[in-house]
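Got your viewer open and ready? Let's take a walk through this one together, one selection at a time.

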Amino acid sequence: MRLAALLAALRPVLPLVLGLSLGCSLSLLRASWSQGGAEEQCLGAAGRAGPLGGGAQPEAADGRPGPGHEDFRPRIVPYYRDPNKPYKKVLRTRYIQTELGFHERLFVAVLTSKATLNTLAVAVNKTVAHHFPRLLYFTGLRSTKVPHGMVLVAHGDERPIWLMYETMHYIHQHFGSDYDWFYVMQDDTYAQAEQVKALVTHLSINQDVYLGRAEEFIGGDEQARYCHGGFGYLISRSLLLKLHPHLDSCRNEILSVRPDEWLGRCIIDFLGITCVSQLQGQHYHTYELAKNTEPEKEEEEEFQAALAVHPVSDVTLMYRLHKHFSRIQLDRAYQEIQDLQMQIRNLTSLTPAGEAGLTWPVGINAPFLPKSRFEVISWDYFTEQHLFSCPDGSPKCELSGASKADVSEIIESAVEQLNSRYQPLLRFSKRQLLNGYRRFDPTRGMEYTLDLLLEAVTQKGHSHVLAKRVSLVRPLSKVEIIPMPYVTEATRVQLVLPLTVQDLDFVANFLDMFAMNTLDTHDNALLTLLFIYHPYDAQRVSQVDVFAGVKAMVGELEKRYAEVKIPWISVKTEVPSQVKLMDIVSKKHPVDTLFFLASVWTEINMEFLNRCRMNTISNWQVFFPVHFQEFNPALVYRGEQTASSSTDFLRDGHFDRHSFAEACFYNSDYMTARTKLAADILDRDEVLESMEVFDVFLHYSGLHLFRAVEPGLVQKYALRSCNPRLSEELYHRCVLSNLEGLASRSHLAMALFEQEQANST
């Protein structure tokens with residue numbers, strides 16, 4: 001009985017015990033086999049040659065695995081440098097993509113001429129150029145004016161063979177090591193850009209590819225074919241590299257009238273590669289247009305699937321083709337979306353959540369679920385005329401600009417979707433937007449809820465007014481990575497500090513922060529002071545120099561830091577125009593100088609200077625930071641102890657979006673924009689008094705203007721003196737900056753409440 005009771009108690013754990021015992025036995029047995037195999041390998045390596053039993057391969061004498069052996073342990077190879085050989089520093093590339101040998105996918109070359117540059121070439125540029133990552137136009141002779149937005153290469157000779165020779169030579173020389181595929185087309189060809197890009201993604205890059213519409217040579221071998229230039233053709237990088245050494249021989253030995261035949265004969269004669277219309281399961285579909293063709297009426301399957309259409313006789317036909325094929329691509333995309341949504345609905349029933357796990361819209365991420373009240377995304381209320389969540393904090397503002405266009409498009413789309421769903425039984429037309437709500441969900445996009453007053457008309461003509469609520473989502477589209485030039489944090493920053501008499505009380509704090517955060521840390525930054533004298537003070541400078549105290553402070557800094565020199569420039573003016581002052585500073589510095597135009601209330605620190613270096617790119621981008629302005633401590637704290645600036649300083653201030661005093665830009669970019677400004681104003685210096693450096697870059701340069709909040713650029717509270725001699729806009733912005741910098745609304749309300757309480761008593 002005791003044995004039976006013991007077995008009954010051990011029965012639940014019996015499978016576990018048996019499993020552990022079996023596992024330990026197999027592990028010991030496998031370990032003995034492995035040790036025996038290792039001994040045999042050692043013996044085999046020492047005394048026998050040839051493979052061992054079981055298909056294993058012997059190791060080499062130096063301990064490395066032999067050929068075919070993949071199951072081996074990695075070894076750490078110690079670094080050893082021969083002392084007898086000179087040390088050579090390894091140069092690393094700036095980008096890991098370059099170091100690993102990655103290439104861009106597709107380069108497109110368009111062959112044009114002086115006669116068609118401003119017609120067909122422009123039509124090609126407007127229809128397909130924005131789809132290709134890189135597109136260049138090649139011509140023999142160029143016109144006096146190149147169309148805007150087109151990169152043109154002129155070879156100086158209109159002969160077709162010479163143009164083809166120079167084009168292939170130019171592509172190899174400038175882009176041969178950067179791209180995997182090269183697509184050559186004519187300006188009288190319409191190419192479906194997305195289809196061409198999809199084609200190259202399905203082809204292997206390690207083969208010699210000459211792909212296009214294969215045509216036979218007149219009177220030549222039937223096996224030898226060339227790619228017709230009118231329909232475009234694709235050349236792989238490996239083929240281009242092999243072809244380049246033979247281009248000179250082809251130019252001298254091969255006679256032809258057509259450039260595409262000449263290129264095809266060159267590839268066949270020297271490389272033995274003929275043109276093909278299909279490769280690796282991919283077909284290069286083309287369609288030849290007849291005269292007086294109506295693209296909208298073409299229903300042939302060959303036309304619908306064409307990658308290239310030729311010949312396109314005029315600009316209007318090019319645009320009509322683009323519209324037609326864009327409609328085809330859009331219909332295919334909508335059909336693919338419907339198919340995917342149907343598959344998602346069918347598969348959702350098999351998931352643990354079942355039908356309840358199906359989100360709307362189907363295929364879009366589910367709405368964001370907040371985990372606390374601080375993560376709740378608020379809805380913004382709007383009507384067709386007004387928005388009730390304004391950027392400036394006011395309760396109501398007029399709906400205009402992009403917001404108005406967004407609301408109009410959403411209402412139109414809602415009515416269109418209702419008609420597509422209920423027609424022909426009902427037809428809806430909008431009467432009024434009763435209520436509108438929208439919010440931005442970072443996980444899926446912009447969400448809308450609309451209460452629409454609609455008029456519904458039946459098939460018999462009866463009408464009825466009803467209110468209906470609809471929900472819409474504008475999903476986030478594909479994220480695009482904008483290429484940016486490479487910059488470093490080693491660039492020297494030249495600080496420029498304009499000073500007036502009203503700024504003398506704040507200079508000492510600025511110089512102390514500059515010395516502590518840049519000179520003590522040996523940051524690569526220099527300082528230039530700009531003393532702005534009023535004409536009256538300039539006349540008395542020999543008796544009383546209003547900036548004598550500042551110059552004494554600069555002298556003390558130069559004594560403390562022997563290697564530092566802080567120059568200053570004296571200017572006499574009644575209206576300290578920012579552009580006029582910058583003109584003086586610009587002439588005294590090299591063109592590659594990185595300027596930081598600062599203000600006397602700014603607290604300089606290394607964190608911001610590094611962002612100034614990284615966000616300012618020569619001939620590409622300028623940086624206008626939005627500094628953080630602390631509130632008036634007398635209104636915020638009202639006699640209490642000031643809060644520490646470690647974690648709570650953002651609560652006691654705001655980002656001053658009215659100020660454009662701080663700026664980071666290169667001298668060369670400023671000089672280029674300033675030259676265009678001078679040609680526009682024609683020596684009317686009074687115009688400069690109404691402009692800032694921001695306006696110069698905004699209107700007279702093609703650079704990116706990066707305007708962003710900068711928490712590292714903090715300014716203490718100070719009441720700015722607004723010069724009434726400046727323009728009305730600049731004076732108004734200065735006044736608004738002072739008013740908004742007093743305190744927040746809650747602080748102002750509390751101050752008014754305490755004042756009323758004091759007056760009442």
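Start by selecting Ala 191 and Ala 308: Ala 191 stands opposite Ala 308 in β13. You're looking at a predicted model, where local features need pLDDT of at least 70 and side-chain atom pairs count only at pLDDT 80 or more, while totals for chains, interfaces and linings use all residues. Residues are numbered from 1 along each chain as its sequence is written, and side-chain values use heavy atoms, with hydrogens and water left out.

Now show β5 and β13 (residues 308-310), which pair in the antiparallel sense over 2 bridges. Strands here are DSSP runs of E, at least two residues long, and helices are runs of H or I, at least four, numbered from the N terminus; two strands pair if DSSP finds at least two bridges between them. Add β12 and you have an open sheet of 3 strands, ordered β5-β13-β12, with mixed pairing. At its edges sit β5 (190-191) and β12 (286-288), each pairing on one side only.

Next stop: another open sheet, this one with 6 strands in the order β3-β2-β1-β4-β9-β6 and mixed pairing. Which strands stand at the edges? They are β3 (152-154) and β6 (210-212); each has a single partner strand, so one side of each is left without a neighbour in the sheet. Zoom in on β2 (residues 135-139), which pairs with β3 in the parallel sense over 3 bridges. There, Phe 138 stands opposite Val 153 in β3.

Keep that sheet on screen and select helix α5 (residues 160-175). It packs on the sheet, touching β1 (104-111), β2, β3, β4 (179-186) and β9 (233-236). Contact means heavy atoms within 4.5 Å.

Jump to helices α16 (residues 578-587) and α19 (residues 667-681), whose axes are 11 Å apart. The contact is made by Val 579, Met 582, Asp 583 and Ser 586 of α16 and Asn 667, Tyr 670, Met 671 and Arg 674 of α19.

Last selection: Glu 384 and Lys 430. They form a salt bridge, with the closest N and O atoms 3.3 Å apart. The rule asks for a side-chain nitrogen of Lys or Arg within 4 Å of a carboxyl oxygen of Asp or Glu, and by it the count comes to 27 salt bridges. Glu 384 is in the loop between β14 (380-382) and β15 (386-387) and Lys 430 is in strand β17 (residues 426-441), so the pair ties together parts that are 46 residues apart in sequence.

Conventions
Axes fitted to C-alpha atoms, helices over the stretch in contact; angles between N-to-C directions.
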